[in-house]
Amino acid sequence: MSKTKILSLIITILIYGILIFYPTQSIVVEAPEYQNKILSEDLLNVNQILNSRTSQIIDESLSRYSKMTGFNGVVMIVKNGDLIYNKAFGYANSGRNKIPLSTEMPFQLASVSKQFTAAAIMKLKQDGLLDYNDNVSKYIPEFPYNDVTIKQLLNHTGGMFNYMYLLENQWDCEEKFATNDTLIKMISKSEMPLYFTPGKRFDYSNTGYAVLASVVEHISNKPFSDFMNDHFFNPLGMKNTYVSTGTNITENSVNGFFRYRRGLAPIEYTVHDGIVGDKGVYSTSWDMYKWDKSLYNNKILSEEVLEEAFNPTIIGKRKVVPYGYGFRLKEEDGQKVVYHNGVWEGFRINYYRYPETESTILVMNNCGFNISSLTSRIKSLMNEIENEEAETKFVITSILNGNKEEAQSAYNLAIEEDNFNQEKFDLIANYLWENRYFQFYEDFLSIVSN
């Protein structure tokens, strides 16, 4: 036998030996290991297994509601920190060739966009680039109202007039959409008086938030859309979220419709669609879940900065206005609610957060459907359904968050007190294995074997 054949035989034997003695290891090396991160879609499935009864009751109720009323939109629910529901109902368009709505399709958030504008201002404050009590004219010299502060625009006490009246009556350019720069120039030349002395009253103002977006642009020297991408959307992995200026609507974004006879008719864009800050953010339920989580884990904005944003405005010494920075505030059944609604060109959005329980309701509709009753129905369902197997949930979420020692202690205690659902634990472990989360799967096995 030649030396070449002998060498080839030796190499073949070595390869077979490796495959025989290390079969499992070779599989793991070829597969991805998500040691510190589980994809949102898979996390939803895990949480639905863990909260199977809750998810089922919600889905049955909302499916019946959709069939009865013709609801067209998306519902996303987070309960006690778990994303337990995310589903689209109806269609993204009208006519014969209907396209089913998807949770990956961006909706115009309308006034729910204001919280992102406020977040941009908070980021600049956090970075030491502005102070809330600064006059707006410090950053936009042509802004004609020298006594209006950034804080007054944040909490709607600046007394600003409605810019839509200004555009509808004085915009005479051939361009389809006005921009924030154009609006600032028009405001500086308009000589329109403020509604009241700044700081003396509360009056909800879209104009104020459009001006705040311009403040962000002047300080950062970049378009508002780029600032949001760089500091929020990209860092948080909000891949389908963007600021629209009227000309950059993505193909998969949802259109707004109004009800016409027995069908729907698309709403044409107007001159106002180019103005951002008061509206203009397009996002999906998946991305809004990521945003919602960031408000708890302080990935971008600090706890101190957000605490101020979630507190009411005080006018004078006594008058309390239930509005923070980009968020409305109230109490329901003794529980604090941080929320905002949005209405714009067929879009209706309800976004309700319950910080004490880390629960959230997001309802998005694109055909002018009044979603208040649907949001109320979801609230009632969440209040009626008791938490499912808290001990099992705590063990599983601790593993997925990388807290294995905490998970081990909780598991041992739950087993000792007979409060552990081994079947659900095994179902989730198997799901992780089937979806190639091998490191997580091994963590699950290690908890049981110890």
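The exercises below, each with a worked solution, concern a predicted model of one protein.

Residues are numbered from 1 along each chain as its sequence is written, and side-chain values use heavy atoms, with hydrogens and water left out. In this predicted model, local features need pLDDT of at least 70 and side-chain atom pairs count only at pLDDT 80 or more, while totals for chains, interfaces and linings use all residues.

**Exercise 1. Describe the protein as a whole: how many helices and strands are there, and what percentage of the residues is buried?**

Solution. Begin with the secondary structure, where helices (H or I, at least four residues) and strands (E, at least two) are DSSP runs numbered from the N terminus; the protein has 17 helices and 13 strands. Next take burial, for which buried means under 20% relative accessible area, exposed over 50%, and partly exposed in between, with a 1.4 Å probe and protein chains only; of the 450 residues, 51% are buried. Then consider extent, since the C-alpha trace spans about 95 × 65 × 55 Å along its principal axes. Finally turn to contacts (heavy atoms within 4.5 Å): among those between residues at least 6 apart in sequence, 68% join residues at least 24 apart.

**Exercise 2. Work out the surroundings of Asp278 and Thr360: which side chain makes a polar contact with each of them?**

Solution. Locate Asp278 in the loop between β6 (263-266) and β7 (281-283), where its relative accessible area of 1% makes it buried. A polar contact is a pair of N or O atoms within 3.5 Å; within protein, one must be able to donate a hydrogen and the other to accept it, and residues adjacent in sequence count only if both atoms are side-chain atoms. The side chain of Asp278 has such a contact, at 2.7 Å, with the side chain of Tyr163. Leaving aside neighbours within four places in sequence, the residues in contact with Asp278 include Ser111, Lys114, Tyr163 and Asn206.

Thr360, by comparison, belongs to strand β13 (residues 359-365) and is buried at 0% relative accessibility. Its side chain is joined to that of Asp292 by a polar contact of 2.8 Å. Not counting residues up to four places away in sequence, Thr360 also touches others, among them Met76, Val78, Tyr296 and Arg353.

**Exercise 3. How do the axes of α16 and α17 cross, and which residues make the contact?**

Solution. Two packed helices are described by the angle between their axes and the distance between the axes. Here the axes are lines fitted to C-alpha atoms, for helices over the stretch in contact, with angles running from 0 to 180 degrees between N-to-C directions. The axes of α16 (residues 422-434) and α17 (residues 438-449) come within 8 Å and cross at roughly 150 degrees. The two helices are therefore roughly antiparallel, a label for angles over 145 degrees. On the α16 side the contact involves Gln422, Phe425, Ile428, Ala429, Asn430, Leu432 and Trp433, and on the α17 side Phe438, Phe440, Tyr441, Phe444 and Val448.

**Exercise 4. Where do Asn80 and Asp333 lie, and is each of them exposed or partly exposed?**

Solution. Most residues other than glycine have a negative phi. Asn80 has a positive phi, near 55 degrees, and Asp333 also has a positive phi, of about 55 degrees. Asn80 sits in the loop between β1 (73-79) and β2 (82-89) and is partly exposed at 25% relative accessibility. Asp333 sits in the loop between β10 (328-332) and β11 (335-344) and is exposed at 75%.

Methods:
Parallel < 35°, antiparallel > 145°, perpendicular 65-115°, else oblique.
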